[in-house]
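Colleague: I am new to reading structures, and I would love a close look at one part of this one. Could you walk me through the sheet, strand by strand?

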Amino acid sequence: MTATLGCVTLSLADRLTDLTLSLHEGEVTAICGPNGAGKSTLLSCLGGLVAADGGLVTLGGRLMRNVPVQERARSIGYLPQSPEIAWDVSVEVLVSLGRLPWGDAGAKIGRDAIEEAIAAMDLGALRNRRVSRLSGGERARALMARVLATCPAWLLADEPLANLDLRHAIALMRRFREQAGKGRGVVLVLHDLATAMNFADRVIVLDRGRLAADGEPAHALRSEVIEQVWGCKAGWLGERGMRALSLG
Amino acid sequence: MNRRLILILVAALVVAVPLSLLAGRVWIDPIAPTTRNAALILFELRLPRAALALVIGAGLGVSGAAMQGYLRNPLADPGLFGIAPGAALGAVLSFWAGYAASVWLLPVFALVGAGGAMALLALIAGREGGVALFTMAGLMIASLAGALTSLAISLSPTPFAMSEIVTWLMGALADRSWREVGIAAPLTLIGVGVLLSAGRGLDALTLGEVAARSLGLEPRRLQARMIVGVGLAVGAAVAVAGVIGFVGLMVPHLVRPLTDRRPSSLMVPSALAGALLLLVADCLCRVLPLSGGELRLGIALSLLGAPFFLKLLLDMRRGLA
């Protein structure tokens, strides 16, 4: 498969067949699909974490495999599924790990980026709190601040809403939208189709490694696609931006 | 926070080193030494012994801190890598090869053993650089080396050799000279340097392997650094002093709450605290009145370490660690 991030073309490993995508900065792109469809594989390939043998991923016009590791790490922020924090560090130290690709956590530029990320995620009051004392929503914000501290052009997150309640999920989605508004390319693996419908600019539907649909949410997630890919009869209710899925 | 901790530890060492030189079976009065051969005792016995305690303690402390960071587990110990058991096996084989033939035989055999364990570890786990496979490989090598060591002991040529081997394995700094310092210091120094250079990678690993790679970590490079760094520091320690356990486990654990808990900020304080712990423990071993010689350092630390380990487990169970 081949995918492009903004100017990123990505091509993928065995899980994904013949996939050609071009992703754009300044957009929230949601990757949806049933379990085992290859969503996480696609995201890893886009992030340059899995070599796409037989496929090509390009970043800024260059093949991903030719992009130096350090440069890739600076341009693509990646939030894995069920992120781990091994040591009970403070929020500020956690966020500062985002500067590792730049190696400047101690310098002025690095400090500024860390402060900006902390401010963007409203973590000012929690900066000295240890991560074990954070609630689920605060933890998700802190982890996102860590990715933002890198100042990446691309923000990739694998099911960032898992384990978040409704309020925190929506708050986090708004923040992803904000980041897209600042020109970043945001690519999210989302399980909840309504979230994808309401918050994404574009939805990519994968089915067993194939591209089942790609386009505006209302188009990519229309009832026929849902029935074909998930095998459920479903229809959308409500207004644009506040849609709900009704299962028949 | 970190800088202050380092300063405090350095200050403690500055106080502890001269004091340790005066203590022992013969106490030396620093102002008006009345002891015969005071200079000889100081410069040929106690100074090299103190230097060795500092070098080995620092190496074991850093190795433990790096290991815990690498395995993301506060219970990790350099012994888990199988390098210390590998070195011990090498040393035991030197008894077979007639170690009395040359003073170099034992340390060289031990270093070869450590090198063998390192090579095996790299061979088994090196391909993909994953931590899980690495841990299993380390455990396998440790148990294999342990079994072979037991075999070598049980087949030992003479009862005298057997008791010699067993005593040596217990680890001690008694009767060491500048020669041992000359062997251990440069190797440990290189090992510590390699481990310090791994600090950023270990910090990234805090977020798990996938996130660490997305931050630019190259797992195989980090793994190579771990094997070489721990191999040199621990191999050198075993080569000159036998097996001294628990330092690598205890020291980082005690130091961690005093730092910001990033693996990289743990390394230098762990080196200093390890040096301090070994120096003080060795001093106490020397001073403790014990019929039939002195308490062996390896035994003393194991006696101290086992309850510490137990407490750690209990704390973890309560979710406090």
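Modeller: Happily; here is a tour of the sheet in chain A and the helix that lies across part of it. A word on the basis: this is a predicted model, where local features need pLDDT of at least 70 and side-chain atom pairs count only at pLDDT 80 or more, while totals for chains, interfaces and linings use all residues. Residues are numbered from 1 along each chain as its sequence is written, chains are lettered from A and ligands numbered from 1 in the order in which they are written, and side-chain values use heavy atoms, with hydrogens and water left out.

Let us start with the overall layout. The sheet in chain A is open and has six strands, in the order β7-β8-β9-β4-β10-β11, with mixed pairing. Strands here are DSSP runs of E, at least two residues long, and helices are runs of H or I of at least four residues, both numbered from the N terminus. Two strands count as paired if DSSP finds at least two bridges between them. At the edges stand β7 (76-79) and β11 (210-215) of chain A; each has a single partner strand, so one side of each is left without a neighbour in the sheet. From one strand to the next, the twist averages 15°.

Now look at one edge. β7(A) runs parallel to β8(A), and four bridges join the two. Within this pair, A:Y78 stands opposite A:L156 of β8(A). In a regular strand, side chains alternate between the two faces of the sheet. In β7(A), A:I76 and A:Y78 point one way, A:G77 and A:L79 point the other way, and all are buried (buried means under 20% relative accessible area, exposed over 50%, and partly exposed in between, with a 1.4 Å probe and protein chains only).

A helix joins the picture here. Helix α5 (residues 136-149) of chain A lies across β7 and β8 (154-158) of chain A, and runs at about 165° to β7(A). Such angles run from 0 to 180 degrees between N-to-C directions, and the axes are lines fitted to C-alpha atoms, for helices over the stretch in contact. Contact means heavy atoms within 4.5 Å.

Finally, go to the other edge. Strand β10 (residues 202-207) of chain A pairs with β11(A) in the antiparallel sense, over five bridges. One residue to find there is A:I204, whose bridge partner in β11(A) is A:D214.
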